[in-house]
Amino acid sequence: MTSVVTLSSSVRGDAPAAPKLETPRYRRTRERPRWISIPLRFLVPALLVAAWSIGSSSGLLSPEILAGPPAVWQAFVELYQSGQLLDFGLASLQRAALGVGCGVLIGLVLGVLSGLSALGEELIDSTMQINRAVPFLALVPLFIAWFGIDESFKVVLITVATLAPMYAYTYLGVRGVDRKMVEAARGFGLTGWRLVFGAILPTALPGVLMGLRICLSLSITGLIAAEQVGTREGIGYLVTLAQEYNRTDYMVLCIVMYAILGLVFDAVVRVIEKFAMPWRQLSVTR
């Protein structure tokens, strides 16, 4: 009996105390200062321009092969003073905006319908896979026969170019939504289109925005192809003139304009991401 009491008392009194839990360190995140972030974004393009300028001024790059920055700047001044630069840029931007708007809207609707129900997938997915497999540039002669060479042809071509990627990313985003989250949303009374816009689409938004980014990139390719036919204004028409008169300075200027158009599109997507998904802002862990 004495040994039992001794053992129980030793267990109660001599047992090591439980280790004290330490408060975890708070890992704060902060955005990189803009005075560092913005120069870093332009660092590599600035180095490429510097290498291009050095190669042109030193004679390593022939003006007949690649015009130097001074010649390109002079071409920019000529077109700006004549007013053609602004007119051509706005014409191309309008065509791209209309085509992307139609392609993104149709692809988004079809992707949601196909992702939400098995019937929608059976009716839509096979046709969209066929559309995705056919290069849209191969459709140019057929679209010319159908729509002529006016603005309708150009908008339709860009629409077809951007339709498939938007559908694919929307479909994957909707199918990737957690079923438990959907059931929880239904428990709060969300049904029908309220469930789609209130729970499913916000959850699939990262994939949708990635599809939008790719659509905007493809729209430039479609714009180049569309403006090579029956156009009197636009960046593509300027490229055609540069080829006819062998003006490499105009050709390089057109490339720069397409690059600026791509930067504008990327900035639009970044603004949408900033307001639609504030929790996904790029940050640096301290």
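Start by selecting Arg-95 in this predicted model. Arg-95 is buried, with a relative accessible area of 5%. Now add Glu-227 to the selection: a salt bridge joins Glu-227 and Arg-95, and their closest N and O atoms are 2.7 Å apart. Arg-95 sits in helix 5, while Glu-227 sits in the loop between helix 10 and helix 11 (235-244). The two residues are 132 residues apart, and the pair links distant parts of the chain. Is Glu-227 buried or exposed? Glu-227 counts as buried, because its relative accessibility is 1%, under the 20% cut-off for that word.

Side chains of opposite charge can pair when their charged atoms come close. To see another case, select Arg-213 and Asp-266. Here the salt bridge has its closest N and O atoms 2.3 Å apart. Arg-213 belongs to helix 10 and Asp-266 to helix 12 (residues 248-276). This pair, too, links distant parts of the chain, with the two positions 53 residues apart in numbering. Arg-213 counts as partly exposed at 21% relative accessibility, and Asp-266 is also partly exposed, with a relative accessible area of 25%.

Keep Asp-266 selected and add Arg-270. The side chains of these two, Asp-266 and Arg-270, meet in a salt bridge at 2.8 Å, N to O. Why are Asp-266 and Arg-270 separated by about one helical turn? Because they are 4 residues apart in helix 12. Arg-270 is partly exposed, with a relative accessible area of 35%.

Next, add Glu-273, so that the selection holds the whole network: Arg-213, Asp-266, Arg-270 and Glu-273 are linked by salt bridges. How many salt bridges does a search of the whole structure find? The search finds 8.

Now clear the selection and turn to a nonpolar patch on the surface. Select Leu-105, Ile-106, Val-109, Leu-113, Trp-193 and Phe-197, which make a nonpolar surface patch of about 620 Å². Which elements give two or more residues to the patch? They are helix 5 (84-116) and helix 10 (192-226). Helix 5 gives the most, with 4 residues. Pick out Val-109, which lies in helix 5. Val-109 is partly exposed, with a relative accessible area of 43%. Helix 5 is also where Arg-95 was found at the start of the tour, and helix 10 is the element that holds Arg-213.

Finally, select the whole protein chain and colour it by secondary structure. The chain has 12 helices and 2 strands. Followed along the sequence, these elements come in the pattern α-β-α-α-α-α-α-α-α-α-α-α-α-β. Of the chain's 286 residues, 33% count as buried. Switch on the surface: the accessible surface of the chain comes to about 18,500 Å², and 66% of this belongs to carbon and sulfur atoms. For contacts between residues at least 6 apart in sequence, 74% join residues at least 24 apart. The salt bridge between Glu-227 and Arg-95, seen at the first stop, is one link between distant parts of the chain; the salt bridge between Arg-213 and Asp-266 is another.

Methods
Residues are numbered from 1 along each chain as its sequence is written. This is a predicted model: local features need pLDDT of at least 70, side-chain atom pairs count only at pLDDT 80 or more; totals for chains, interfaces and linings use all residues. Side-chain values use heavy atoms; hydrogens and water are left out. Patches are made of residues with over 30% relative accessible area and no salt bridge: like charges are joined within 9 Å, nonpolar side chains (Val, Leu, Ile, Met, Phe, Trp, Tyr) within 5 Å. Accessible areas come from the Shrake-Rupley method with a 1.4 Å probe; for residues, only the protein chains shown count as cover. A salt bridge is a side-chain nitrogen of Lys or Arg within 4 Å of a carboxyl oxygen of Asp or Glu. Buried means under 20% relative accessible area, exposed over 50%, partly exposed in between (1.4 Å probe, protein chains only). Contact means heavy atoms within 4.5 Å.
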